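Visitor: I am new to this structure and should like to understand the terms used for it. May I put some questions about how each description is justified?

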Amino acid sequence: YNGNTSQEQIQLHSLVQQLPKAIIIGVRKGGTRALLEMLNLHPAVVKASQEIHFFDNDENYGKGMEWYRRKMPFSYPHQITIEKSPAYFITEEVPERIYKMNSSVKLLIIVREPTTRAISDYTQVLEGKERKNKTYYKFEKLAMDAKSCEVNTKYKAVRTSIYTKHLERWLKYFPVEQFHIVDGDRLITEPLPELQLVESFLNLPARISPYNLYFNATRGFFCLRFNIVFNKCLAGSKGRTHPEVNPAVVAKLHKFFHPFNQKFFQITGRTFNWP
Ligand code: A3P
């Protein structure tokens, strides 16, 4: 022991890279980034900043658990590490792989009203095409089958919004109590109560307070205040303007998702006010 070792040095020595105790598994465009950043306001939560894509990408998964652990941020032993990779929710192999890592890991799923989520998903892809100066189909053309005039269930943005189908695959490995469903629509307008539910699910003391979240009128969203000197809003790519969609198509989608939503509510015990 070096008599000059400062408290700070002692603390630095106890920093470790820990496997996640909770994972935000999806859903893409549900508000996964906002949820991760907001949970990170909690002093006991440390986030993996990047999407790691360990369990959904065969090449990454092949690198092994130690590779994954080394992608994690440094934290103190009492803290919990959280990562988010929204593709996990919809990828076939992922539940089994996560189960093999830690069968008692806590799983967070943030959902939005399924039609809104599908349009948000489309908007993100559209923006990518436009950036490359490519043209892209209209949402209506992708979401509807031209021949049958019914919802096109082959379209990925539609499939991803059939939450119950994906959840049912996960339930082959994990009991329903191991999941917590976050209301992504409410996280936009009223984040604190949603975050408090998550704190409770993670068995953390309630530490995120109204001080940590302020509405930024210019941005049109809540932003994060960590302390007196550090605050931030999410990137501009979060909160895009959605294109207007033909109301008849919207109505068809609402009707299409309705029975799947009912099943999802029944399984999860969380009901949302979706059309
Ligand atoms: P839109 O771009 O459709 O508005 P994800 O991080 O999973 O890709 O989700 C993106 C969505 O997070 C955005 O969808 C946005 O509405 C939502 N969101 C929730 N809270 C937000 C916040 N405080 N700031 C910005 N976007 C937020």
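The following conversation takes up the ligand, its surroundings and some details of the chain.

Guide: Please note at the outset that this is a predicted model.

Visitor: Which residues are closest to the ligand, and how many surround it?

Guide: The ligand is surrounded by 17 residues, and the closest are Lys29, Thr32, Ser120, Phe222 and His242. Each of the 17 counts as surrounding the ligand because one of its heavy atoms lies within 4 Å of it.

Visitor: What makes the approach of Lys29 to the ligand a polar contact?

Guide: A polar side-chain atom of Lys29 is 2.9 Å from a ligand oxygen atom. The cut-off for a pair of N or O atoms is 3.5 Å, and 2.9 Å is within it, so the pair qualifies as a polar contact. For Thr32, the distance from a polar side-chain atom to an oxygen atom of the ligand is 2.6 Å. His242 likewise has a polar side-chain atom 2.6 Å from an oxygen atom of the ligand. These two values are also within 3.5 Å, and therefore the same conclusion holds for Thr32 and His242. Of the 570 Å² of accessible area that the ligand has on its own, the protein covers 97%.

Visitor: Where does the ligand sit, and how do you know that?

Guide: The ligand sits in the largest pocket. That is said because more than half of its atoms lie within 2 Å of the grid points of that pocket.

Visitor: Which elements supply the shell around the ligand?

Guide: At least two residues of the shell come from each of α2 (32-39) and β9 (221-225). The most come from α2, which gives four. By class, the shell holds six nonpolar, six polar and five charged residues.

Visitor: Which residues does UniProt place under "binding site"?

Guide: An unreviewed UniProt entry gives this feature to twelve positions' worth of names, among them Lys29, Gly31, Thr32, Ser120 and His242. From that set, the lining of the largest pocket takes in residues including Lys29, Gly31, Thr32, Ser120 and His242. Gly31 is found in the loop between β2 (22-26) and α2.

Visitor: What is the peptide bond from Gly26 to Val27 called, and what is its omega?

Guide: The bond is cis, with omega near 5 degrees. Val27 belongs to the loop between β2 and α2.

Visitor: What is notable about phi of His53?

Guide: Phi of His53 is near 50 degrees, a positive value in a residue other than glycine. His53 is in the loop between β3 (45-47) and α3 (58-62).

Methods:
Residues numbered from 1 in each chain as written. Predicted model: local features only at pLDDT ≥ 70, side-chain atom pairs only at ≥ 80, totals over all residues. Heavy atoms only, no water. Polar contact = N/O pair within 3.5 Å; in protein donor to acceptor, adjacent residues only side chain to side chain. Areas by Shrake-Rupley, 256 points an atom, 1.4 Å probe, with all protein chains shown as cover. 1 Å grid on protein atoms, 1.4 Å probe; cavity = no way out; pocket = protein on both sides within 12 Å on 5 of 7 lines; lining within 4 Å. Nonpolar A, V, L, I, M, F, W, Y, C, P; charged D, E, K, R; others polar. UniProt positions renumbered as here; feature names shortened; annotations may be inferred.
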